[in-house]
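Work through the exercises below with the sequence and the coordinates at hand. Each task is followed by a worked solution.

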Amino acid sequence: MTSSSADDSVRGAGFGGLCTACAQVRFVHTQSGSTFLMCRLAKSDPRFAKYPPQPVRICEGYAS
Ligand code: SF4
């Protein structure tokens, strides 16, 4: 599994929503070809899900 903070292929893959443009997101790629969006705020704040259901439309933690 690999991850990245910015991934143009994922941004265009239909996730939409705030997470794809958020500074807190990590794109997690599995060996089977799946991609998940992981919220880094979840480590320190229980209000945020580690893998928020997509698309996220409103979020207090969003950061550009
Ligand atoms: S802070 Fe909100 S918008 Fe940003 S990655 Fe987490 S859930 Fe998505």
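**Exercise 1. The ligand shell**

Task: Find how many residues surround the ligand and which are the closest.

Solution: The model is a predicted one. In it, 13 residues surround the ligand. The closest are Cys19, Cys22, Cys39, Cys59 and Gly61. Next, sort the shell by class: eleven residues are nonpolar, two are polar and none is charged.

**Exercise 2. Contacts of Cys22**

Task: Set aside the neighbours of Cys22 within four places in sequence, and state which residues Cys22 is in contact with.

Solution: Once those neighbours are removed, Tyr62 and Ala63 are in contact with Cys22. Then turn to the chain as a whole and keep contacts between residues at least 6 apart in sequence; of these, 42% join residues at least 24 apart.

**Exercise 3. Elements and pairing**

Task: List the secondary structure in order from the N terminus, then describe how strand 2 and strand 3 are joined.

Solution: Start with the inventory, which is one helix and three strands. Their order from the N terminus is β-α-β-β. Strand 2 covers residues 25-29 and strand 3 covers residues 35-39. The two run antiparallel and are joined by five bridges. One pairing to check is Arg26, whose bridge partner in strand 3 is Met38. Finally, inspect the hairpin: five residues lie between the strands, and Gly33 has a positive phi near 100°. Most residues other than glycine have a negative phi.

**Exercise 4. The nonpolar core**

Task: Identify the residues of the largest nonpolar core.

Solution: The core has nine residues: Leu18, Cys19, Cys22, Val25, Phe27, Leu37, Cys39, Leu41 and Val56. Strand 2 and strand 3 each contribute at least two residues to this core. For the whole chain of 64 residues, the buried share is 17%.

**Exercise 5. Burial of Phe15**

Task: Locate Phe15 and explain why Phe15 counts as partly exposed.

Solution: Phe15 sits in the loop between helix 1 (8-11) and strand 2. Count the C-beta neighbours inside 10 Å: there are 18. A buried residue needs 20 or more, and an exposed one has 12 or fewer. Phe15 therefore counts as partly exposed with its 18 neighbours. As a further step, compare positions with Pro53, which is 38 residues away along the chain; the two C-alpha atoms are separated by 9.9 Å.

**Exercise 6. A peptide bond**

Task: Determine whether the bond joining Gln54 and Pro55 is cis or trans.

Solution: Omega is about -5°, and the bond is cis. Pro55 belongs to the segment after strand 3. Most peptide bonds are trans.

Key
Residues numbered from 1 in each chain as written. Predicted model: local features only at pLDDT ≥ 70, side-chain atom pairs only at ≥ 80, totals over all residues. Helix = DSSP H or I, 4+ residues; strand = E, 2+ residues; numbered from the N terminus. Contact = placed C-beta atoms within 7 Å. Near = placed C-beta within 6 Å. Nonpolar A, V, L, I, M, F, W, Y, C, P; charged D, E, K, R; others polar. Pairing = 2+ DSSP bridges. Core = buried A, V, L, I, M, F, W, Y, C linked by C-beta atoms within 7 Å.
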